[in-house]
Amino acid sequence: MRSGKNPGRRLKINGKFTIHENHRLLKEKQLSAIELTRAYLERIQKVEPQLQALVTVTADLAIKQAQKADELIAAGNIHPLTGIPIIVKDNMCTRGIRTTCSSRMLENFVPPYDALVVERLNETGAVIIGKTNMDEFAMGSSNENSALFITCNPWDSSRVPGGSSGGSAAAVASGEA
């Protein structure tokens, strides 16, 4: 990924970047939301085949949202989440994005509305890069009860990440968001 200030620089995401640090870099215009989003999407491509933390990756939407975030930042309208790539648990409705609750029953459900939390994230200029795996309908505590697939623990693939939000935990721990 190339930065406008340093064209030869390539941003590598490895799980060490925090929201606070990313916000500072965006606010100081040391990198753009598009650069940051592309770096996280590259990270997802690299680790997701082994991890399986995500049910859906929303790359096209994320790039559009990152472009809008860059416009907000350029206009001086920056919130702590503006331009920050995030992943939403797959039981949160996202207008136009498949929401499965990790269930075969809802495998092709695309809601016509956003959950309130998603509306608020969109209002801040956050960038949605995907939806995470979970125990089906969030009923379980190991993340082994997804009807779609099991998410691996990023530190030991012979273990599960645990919790009904195991996909979210694994995605954050592995640097996907």
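The following exercises, each with a worked solution, concern cysteines and one helix in a predicted model.

Residues are numbered from 1 along each chain as its sequence is written. Local features require pLDDT of at least 70 and side-chain atom pairs pLDDT 80 or more, while totals for chains, interfaces and linings use all residues; side-chain values use heavy atoms, without hydrogens and water.

**Exercise 1.** Determine how many disulfides the structure holds, and examine Cys101.

*Solution.* A disulfide is a pair of cysteine sulfur atoms within 2.5 Å. For Cys101, the closest cysteine sulfur belongs to Cys93 and lies 7.0 Å away, which is too far for a bond. The structure holds zero disulfides.

**Exercise 2.** Decide whether Cys101 is buried or exposed.

*Solution.* Buried means under 20% relative accessible area, exposed over 50%, and partly exposed in between (1.4 Å probe, protein chains only). The relative accessible area of Cys101 is 11%, so Cys101 is buried.

**Exercise 3.** Compare the expected span of helix α3 (residues 59-74) with the distance between its end C-alpha atoms.

*Solution.* Helices (H or I, at least four residues) and strands (E, at least two) are DSSP runs, numbered from the N terminus. The expected span is 1.5 Å times one less than the number of residues. For the 16 residues of α3 this gives 22 Å, and the end C-alpha atoms are 22 Å apart, in agreement.

**Exercise 4.** Identify which residues of α3 are buried and which are exposed on the other side.

*Solution.* The buried residues are Ala62, Ile63, Gln65, Ala66, Ala69, Asp70 and Ile73. They cover an arc of only 165° around the axis (taken from the directions from the helix axis to the C-beta atoms), and therefore lie on the same side of α3. On the other side, Asp60, Lys64 and Glu71 are exposed.
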